[in-house]
Amino acid sequence: MARPHRGTGVPGAAVVPRAGAGLPGGLPPGERLRVLLVEDDEGDAFLVGELLAETNSMIDLLVATSLSEARQRVMGVDCVLLDLGLPDAQGLDGLRRVLEMASGAAVCVLTGRSDEHLGIVAVAEGAQDYLVKGQVDGVLLTRALRYAVERKRADENARRLREVELRQAESARLERGLLPQPLMTTDEVSVHTFYRPGRHAALIGGDFYDVVQTRPDRIDLIVGDVCGHGVDEAALGVELRVAWRALVLAGVPDDEVLPALEQVLMSERRLQEIFATVATVRLDLASARATVRLAGHPPPLLLSGGKVAPVPAKGGLLLGVRPRRPVAFDLEFDTDDWSLLMYTDGLIEGRVDGGDERLDVPGLTGLLAEPANRAVPLSELPAWLVGRAEQINGGPLADDVAMLLVTRGGGR
């Protein structure tokens, strides 16, 4: 067996490709591995290469004679085999530095020090195994390297699973904050809520809604959407919803509620580019009227007398762009049988039949005007709308969807 030759890419490094049709009995099967041996003794490095060659280990061995050379070679390796006595690192300090630079690779210690306590400490620091020179043969070394790689992968999978579980738990807490139970006691109207997260890595977005009854004949509603997806946006959505509820319950004048909400947004957002859209409705049941205010949000849709139409309120500016009071629009109900649908733009941003055209407000109005929805109970109408929008889109909607459907009488 020829002595390993020095590579030309990095001074002091060697590449020893080892191939084999299979592994001898007793060895774990597996794919070809790349192992970086960090060893300054050329004789010991040669022996490691010979041990792996004897077993047809399917391991490509790279050699670095110092920690600084290892830093240049570590990218893409499956395992680092580390000697604890190097010119630029000694003992556990070298191990810690390798663990830091090779976070995605398994790390095994191969040292001449037969010290059980040191081995325990090394494994506790994060090494997958502790091997002593002269006490391992080719089969044991190959098995140790492959097992170390699999343990590292299992640890990484467990860590990722834990991160997913933590994100899901955090999203659940945020969702409870974004989507509260309506605070109302009247039975003159019914409120049906709906929320479905988009497909952005199963992360909850910043869509929110709330319903608050402040007097026997007065109900306030809000639907909002913080731009973006993720924990920060969802947390900001929770803050805006709670702030809105506090402002309404505190009896802040109507025209001052959204400007105050905008102040909260601008003080709490993590980036200046973050904005939000909102639609608010104040229902005055005694006078059969509603006051609608929009801040860059799509208009509510009114279902009444067998017809569907967007409420012609002015769109207003996004919250967080340029402070300005939204213009109030007074809506009069001609009958006691009506429904008002408030929604976020995730419902109307889907494509139409795979083209470039979006569903948008006219398309949503058309869906609600379809005769088929007459057979759909009002409590199920929001879910039915999402199903139809996804059918037209040719798949799940990309953005979150939040809806409030408030109905009186027959609702249509």
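**Exercises on a pocket, a helix and a cavity**

In this predicted model, the largest pocket has a volume of about 160 Å³.

**Exercise 1.** State which element supplies the largest share of the lining of the largest pocket, and give the classes of the lining residues.

Solution. Begin with the residues: Asp 44, Leu 47, Val 48, Leu 51, Leu 110, Lys 133, Gly 134, Val 136 and Leu 141 line this pocket. Next, look for the element: helix 1 gives four residues, the largest share. Last, sort by class: six are nonpolar, one is polar and two are charged.

**Exercise 2.** Compare the span of helix 1 with the expected value, and describe its two ends.

Solution. Helix 1 covers residues 42-54, 13 residues in all. The expected span is 1.5 Å times one less than the number of residues, so the 13 residues give an expected 18 Å. From first C-alpha to last, the helix reaches 19 Å, close to that value. At the N-terminal end, Asp 41 acts as a cap, with a side-chain oxygen 2.9 Å from the backbone nitrogen of Gly 43. After the helix comes Asn 56, with a positive phi near 45°. The buried residues of helix 1 include Val 48 and Leu 51, and both also line the largest pocket.

**Exercise 3.** Describe the largest cavity and its lining.

Solution. The search of the whole structure gives three cavities of 30 Å³ or more. The largest has a volume of about 130 Å³. Its lining has 13 residues, and Asp 220, Asp 254, Val 257, Thr 280 and Arg 293 lie nearest the centre. By class, seven are nonpolar, two polar and four charged. Elements supplying at least two lining residues each include strand 11 (218-229) and helix 7 (254-268).

Methods
Residues are numbered from 1 along each chain as its sequence is written. This is a predicted model: local features need pLDDT of at least 70, side-chain atom pairs count only at pLDDT 80 or more; totals for chains, interfaces and linings use all residues. Side-chain values use heavy atoms; hydrogens and water are left out. On a 1 Å grid over the protein atoms alone, a cavity is a set of points where a 1.4 Å probe fits but cannot get out, and a pocket is an open set with protein on both sides within 12 Å along at least five of seven lines; lining residues have an atom within 4 Å of a point. Grid points are joined across faces, edges and corners, and a volume is the space filled by probe spheres set on the points. Ala, Val, Leu, Ile, Met, Phe, Trp, Tyr, Cys and Pro count as nonpolar, Asp, Glu, Lys and Arg as charged, and the others, Gly among them, as polar. Buried means under 20% relative accessible area, exposed over 50%, partly exposed in between (1.4 Å probe, protein chains only). A polar contact is a pair of N or O atoms within 3.5 Å; within protein, one must be able to donate a hydrogen and the other to accept it, and residues adjacent in sequence count only if both atoms are side-chain atoms.
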